[in-house]
Structures are given as C-alpha cells and as structure tokens.
Amino acid sequence: MQFFGGSEISPSAPTLTATGAGNNAHMIYIFNRNGVCLLYREWNRPLHTLNPQQDHKLMFGLLFSLKSLAAKMDPTSVDKGNLGVPQLPGQGCSFHSFRTNTYKLSFMETPSGIKFILVTNPRTGDLRETLKYIYNLYVEYVAKNPLYTPGTPIRCELFNTAVDQHVRTISS
C-alpha cells in the first residue's frame, strides 16, 4: 500500500506507546472537507457532556481554529492571510497533535481534505504512523468500495472492525 506522501507503508500495523497501562485510545473522528462527520467511534470515553451533533461541531471547529492559528503564526510564510479564513488542504503550516492533562489529540489531514482525529491517553507517543495506517484502512475498505457514496457517513462493518481490532492491539 502506498500513502499519499509517496513513501511505502508497511502492511504491519504500528503500535502506540504509553508509559501507563490501560486503554490508550478513547475515540476517533473522521471528517470530510465540509465538516461532515463521516465516522465517530469511541472505546474509552468516561464522560458524555454533549449530544453527538454538538460534539462533532465543536471538534471540527477546534480543528479549523487550530489550523488557522498555526498558519497565521507560521514563521516561514510571508503571506499570513486573515485569521479564520479557510485554507485548502495542505496549504499553510499544520499541526500534528496537542496534549492536555487528560488527553492527547492527534490529527492528520489528507490532500483530499479528509481529517482523521484520534483522542488517546495523554502519555501516548507519536501517532502519525497509526493515523497513516487508519487512512490506508479507509482507502481499502471505504474509498475503494463501489457501494460507498462520498460525503455520507461510513457504514462499512469491515472498516469498523479493522479499526476496532487495530485499537485493541495498540491499547493492550
């Protein structure tokens, strides 16, 4: 399999690393370029404070704001643009993750604008390879599926099972 960057991706799944035991992965979000949540799965979310639609809007808004802020603060770009103006995928400076005292959010955006967000234990290491692996699962099970209509929620049990299985192996 080949990732969009041109580098060959190993068929073996990468592993998460954390200093503590327990379930590392809490939830995953997949958004399209228009902010539609294509997939939301959770494995270890102890507290539900919002309804799903509010949660998805807040997560997409957070990503939009962080991308805009990262692009505005980019020290290598002369043309900063206006804060809050949408950028094309791959345009400007990008961030990969941030950490709080209760979780770590890891982010990857494809050239087509699909956004992958994995929320994990705050002690979890770099997840870029894991997100690339999940992207490759997405390509194989969703994007190549002739029955899937782009822009609609992902209802592919093979994809869900593969993601769940991968999360179980990285969280043990």
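The following dialogue explains how to read the sheet, the cores and the aromatic pairs of a predicted model.

Colleague: Which conventions apply to this model?

Modeller: The model is predicted, so local features need pLDDT of at least 70 and side-chain atom pairs count only at pLDDT 80 or more, whereas totals for chains, interfaces and linings use all residues. Residues are numbered from 1 along each chain as its sequence is written, and side-chain values use heavy atoms, with hydrogens and water left out.

Colleague: In what order do the strands of the sheet stand?

Modeller: Strands (E, at least two residues) and helices (H or I, at least four) are DSSP runs, numbered from the N terminus. Two strands pair if DSSP finds at least two bridges between them. Here five strands form an open sheet, ordered β2-β1-β5-β4-β3, with antiparallel pairing. β2 and β3 (97-99) each have a single partner strand and stand at the edges, so one side of each lacks a neighbour in the sheet.

Colleague: How many bridges join β1 to β5, and how many join β1 to β2?

Modeller: β1 and β5 are joined by six bridges, and M27 stands opposite V119 in β5. Five bridges pair β1 with β2, where Y29 stands opposite Y40. Five residues separate the strands of the β1 and β2 hairpin, and G35 there takes a positive phi near 90 degrees. At the other edge, β3 and β4 (residues 104-109) pair over three bridges; S97 has S106 in β4 as its bridge partner.

Colleague: Is β1 buried or exposed?

Modeller: Buried means under 20% relative accessible area, exposed over 50%, and partly exposed in between (1.4 Å probe, protein chains only). Seven of the seven residues of β1 are buried, so this strand is largely enclosed by the rest of the structure.

Colleague: Which residues have the most contacts inside the largest nonpolar core?

Modeller: A nonpolar core is a set of buried Ala, Val, Leu, Ile, Met, Phe, Trp, Tyr and Cys residues joined through side-chain atoms within 4.5 Å. The largest one has 25 residues, and those with the most contacts inside it are I30, L38, F116, Y138, V142, I154 and F159. At least two residues each come from β1 (25-31), β2 (37-42), β5 (115-120), α2 (128-143) and α3 (157-171). The greatest share is that of α2, with eight residues. Apart from this core lies another, of 12 residues, including Y29, F60, I117 and V119.

Colleague: What is L38 in contact with, leaving aside its neighbours within four places in sequence?

Modeller: Contact means heavy atoms within 4.5 Å. Among the partners of L38 are I30, I114, Y138, Y148 and I154.

Colleague: How is a pair of aromatic rings described?

Modeller: One gives the distance of the centres and the angle of the planes. Rings of Phe, Tyr and Trp (its six-membered ring) pair if their centres lie within 6.5 Å; planes under 30 degrees apart count as stacked, over 60 as edge-to-face, and the rest as tilted. The structure holds nine aromatic pairs. In one of them, the ring centres of F116 and Y138 are 5.7 Å apart and the planes stand at 80 degrees, so the pair is edge-to-face. Because F116 lies in strand β5 and Y138 in helix α2, this pair ties together parts 22 residues apart in sequence.

Colleague: How buried are these two residues?

Modeller: F116 counts as buried because its relative accessibility is 0%. Y138, at 8%, therefore counts as buried too. Y138 also forms an edge-to-face pair with F159, at 6.4 Å centre to centre and 80 degrees between the planes. Elsewhere, ring pairs link Y29, F31, Y40 and F60 into a cluster.
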